[in-house]
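Reader: I've got this one open on my screen and I'd like a close look at one part: the packing between helices, and whatever sits around it. Could you walk me through it slowly?

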Amino acid sequence: MSIWSLFYLISQCLILWFSAIEPDARQTEQPIKQPIAQEQQLTQSPLDSTSKYLYLSFDDGPLFGTSACISICENENVQATFFQIGLHQSRSNWGKNLYNRILSRPDLFLLSNHSFSHTYGKYVQFYNQPDSALADFKQAADVLKTTNNIVRLPGNNGWRTDSIQFSSKMVRPLLHKLDSAGFNVVGWDIEWNYTKKGRPIQSAAFMAKMVDSMFAHKANKTKNHLVVLMHDHMFRNEADSAQLLEFIQLLKSGNQYQFARLDAYPGLKK
Ligand SMILES: [Zn+2]
């Protein structure tokens, strides 16, 4: 490997490991300058400590691209979690059909709450008003009729489960309220980033290598468990959905990972 490829690999690793804010947040607002005071702890899986579990998660649907994510996971027979936005689900029959396709495969898919409004692009205001933000999540739970208590914050990699507390100061009041209301807040370990046009930045091969590397270096929040964040809209055209297929096939090819839904993640409160 040349020095330049090594440099590229390291720079990409840094981009992935330190991206705590989703690109959709970056597109709508300037990055929020917050001291990231984070408490993080590694937990041991109470399940099978020798297996490695991968949690594919797709955010922001139903959107263009959701259909490809569903079909590819179905064809490859891998489990995944869809974090859906109440507003996107409720605004059209097209959205409801995608939502129903996910619900029709409970053996493969978990459908979880990614808020009703996704903050309408006003992240700081949303997190500074934790009572109305909590109401937004409850509205999404009503619309999406979720049967699990797992939520993901819009544009922010906050965690709050029985075993993980990881957050920026800005979202902590909301995390406290969500926790008290019985929700588990689950973020991610690694994100497949996208361009301003919504297309994947890294290649499937690079992302699969990153997954291997994160397990090898124990760079995940819970030992032997890794959560991958992707966005439905990244895979809305054929060339890009082929990347998702390649990513999944590469991950399957070594027979070293078990794909799981996030309701199997260790340390969630019941
Ligand atoms: Zn989102």
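Author: Sure. Let's start with the contacts as a whole: of those between residues at least 6 apart in sequence, 82% join residues at least 24 apart. Bear in mind that this is a predicted model. The chain has 270 residues, and 43% of them are buried. Its secondary structure amounts to ten helices and ten strands.

Now the helix packing. Two packed helices are described by the angle between their axes and the distance between the axes, so let's take each pair that way. A good place to begin is helix 10, residues 238-253, with helix 3, residues 66-76, as its partner. Their axes come within 10 Å and cross at roughly 30°. Angles under 35 degrees count as roughly parallel, and that is therefore what helix 3 and helix 10 are to each other. The crossing of this pair is right-handed. On the helix 3 side, the contact is made by Ala-68, Cys-69, Ile-72 and Glu-76. Helix 10 brings Ser-241, Leu-244, Leu-245, Ile-248, Gln-249 and Lys-252. Sort the contact between helix 3 and helix 10 by class and you get six nonpolar, two polar and two charged residues.

Helix 10 also meets helix 9, residues 204-216; here the axes come within 8 Å and cross at roughly 35°. This crossing of helix 9 and helix 10 is right-handed. Which residues do the meeting? From helix 9 they are Ala-204, Ala-205, Met-207, Ala-208 and Val-211, and from helix 10 they are Gln-243, Glu-246, Phe-247, Leu-250 and Leu-251. The class count for helix 9 with helix 10 is eight nonpolar, one polar and one charged.

If you follow the chain on from helix 9, you come to Asn-224, in the loop between helix 9 and strand 9 (225-231). Asn-224 has a positive phi of about 70°, although it isn't a glycine. Most residues other than glycine have a negative phi, and most peptide bonds are trans. Asn-224 counts as partly exposed because it has 19 C-beta neighbours inside 10 Å, and a residue needs 20 or more to be called buried.

Another pair to look at is helix 7 (residues 130-144) with helix 8 (residues 172-180), whose axes come within 9 Å and cross at roughly 50°. Helix 7 and helix 8 are therefore oblique to each other, and the crossing is right-handed. Pro-130, Ala-133, Leu-134 and Phe-137 of helix 7 make the contact with Pro-173, Leu-174, Lys-177 and Leu-178 of helix 8. By class, that gives seven nonpolar, no polar and one charged residues for helix 7 with helix 8.

Next, back to the stretch leading into helix 3. Pro-62 is found in the loop between strand 1 (52-61) and helix 3. The peptide bond into it, from Gly-61, is cis, with omega near -5°. Pro-62 is also touched by Gly-95, as are His-88 and Gln-89, leaving out residues up to four places away in sequence. Gly-95 itself has its place in helix 5, residues 93-103. The C-alpha atoms of Gly-95 and Leu-63 are 7.1 Å apart, though the two are 32 residues apart along the chain. Is Gly-95 buried or partly exposed? It counts as partly exposed, because there are 19 C-beta neighbours inside 10 Å.

A quick word on the strands. Strand 2 (residues 80-84) and strand 3 run parallel, with five bridges joining them. One spot you can find by eye is Phe-82, which stands opposite Leu-111 in strand 3. Strand 3, residues 109-113, is mostly covered, with five of its five residues buried. In a regular strand the side chains alternate between the two faces of the sheet. Here Phe-109, Leu-111 and Asn-113 point one way from strand 3, while Leu-110 and Ser-112 point the other way.

Past that strand, have a look at His-118, in the loop between strand 3 and helix 6 (123-128). Its phi is near 55°, a positive value in a residue other than glycine. His-118 is buried, because 24 other C-beta atoms lie within 10 Å.

Terms used: Residues numbered from 1 in each chain as written. Predicted model: local features only at pLDDT ≥ 70, side-chain atom pairs only at ≥ 80, totals over all residues. Axes fitted to C-alpha atoms, helices over the stretch in contact; angles between N-to-C directions. Helix = DSSP H or I, 4+ residues; strand = E, 2+ residues; numbered from the N terminus. Parallel < 35°, antiparallel > 145°, perpendicular 65-115°, else oblique. Left-handed = near helix turned anticlockwise from the far one by under 90°. Contact = placed C-beta atoms within 7 Å. Nonpolar A, V, L, I, M, F, W, Y, C, P; charged D, E, K, R; others polar. Buried ≥ 20, exposed ≤ 12 C-beta atoms within 10 Å, placed from the backbone. Pairing = 2+ DSSP bridges.
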